[in-house]
Amino acid sequence: MIHTLNRLWGFINLKSLLVLLCCLFWSIQSYGQKHHFKVHKGGKEIGEVTATLKKSLNTQIYKIQSDVSFRILWKHYRRKTNSTVTYRDEFVETSYLGIYMNNEMVDSSTVEQDINEYHAFKFPDDHFVLNQVDLRFTTAKLYFQEPLGIKRVYSERFLKYCPLEAQGDSRYKLHLPDNKVNYYIYKDEQLAAVLVERTWFNLEFRKVK
């Protein structure tokens, strides 16, 4: 009976050790980050943005989601965005972004890596190929690292490069198509706020501590 108990105890210890080693291996090989931002318009909170990064071995998955509600005249709108960008060996492997207004998709874009090129799709029916592009820094990364030395950023939504202007004091101006502008403000190399300037409105994303 004692011999049997000793064997059982040894088996349990071995199993526990294996589980512990697996947990340690997984924690070393993968980790994640998650940041929350509150969206403000005219001093009023209207929604939130969640940015998530998961890393494992040579793969990084960025997810940026937003959910805001606002009113124009007498009509109420709820706008949601969902973006997922997968990097492998520091290069974009796939990218998808969808924009929904009142639960109806109004815009989307997709990029998929092939052997020597990328296949791109822009809602509703624009298909094209990207050749000789260096997709190593897209707008999703701006939520997780200060773009030190970066002069242009690839937009997952517009599927084109956008000039990035360093303005000093860890503030960067991103020039988007149609004269749209976003400002990214960092503190201790971490994104602290985003200012969105548009013709009819301005938004501010403030990081939740």
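This is a short chat about backbone geometry in a predicted model.

Visitor: What should I know about the model before we start?
Guide: It is predicted: local features need pLDDT of at least 70, side-chain atom pairs count only at pLDDT 80 or more, and totals for chains, interfaces and linings use all residues. Residues are numbered from 1 along each chain as its sequence is written, and side-chain values use heavy atoms, with hydrogens and water left out.

Visitor: Which peptide bond is cis?
Guide: The one from Phe-123 to Pro-124, with omega near 10°. Pro-124 sits in the loop between β7 (117-122) and β8 (126-131). Strands here are DSSP runs of E, at least two residues, numbered from the N terminus.

Visitor: And what is the usual case for phi and peptide bonds?
Guide: Most residues other than glycine have a negative phi, and most peptide bonds are trans.

Visitor: OK, Leu-57. What is its phi?
Guide: Near 50°, so positive in a residue other than glycine. Leu-57 is in the turn of a hairpin formed by β2 and β3, with two residues between the strands.

Visitor: Is Leu-57 buried or exposed?
Guide: Exposed, at 68% relative accessible area. The cut-offs are under 20% for buried, over 50% for exposed and partly exposed in between, with a 1.4 Å probe and protein chains only.

Visitor: How do β2 and β3 pair?
Guide: Antiparallel, over ten bridges. Pairing needs at least two DSSP bridges between two strands. Lys-55 stands opposite Gln-60 in β3.

Visitor: Switching loops. Where is Asp-178?
Guide: Between β11 (171-176) and β12 (180-187), in the loop. Its phi is positive, near 60°. Asp-178 counts as exposed, at 66% relative accessibility.

Conventions: Helices (H or I, at least four residues) and strands (E, at least two) are DSSP runs, numbered from the N terminus.
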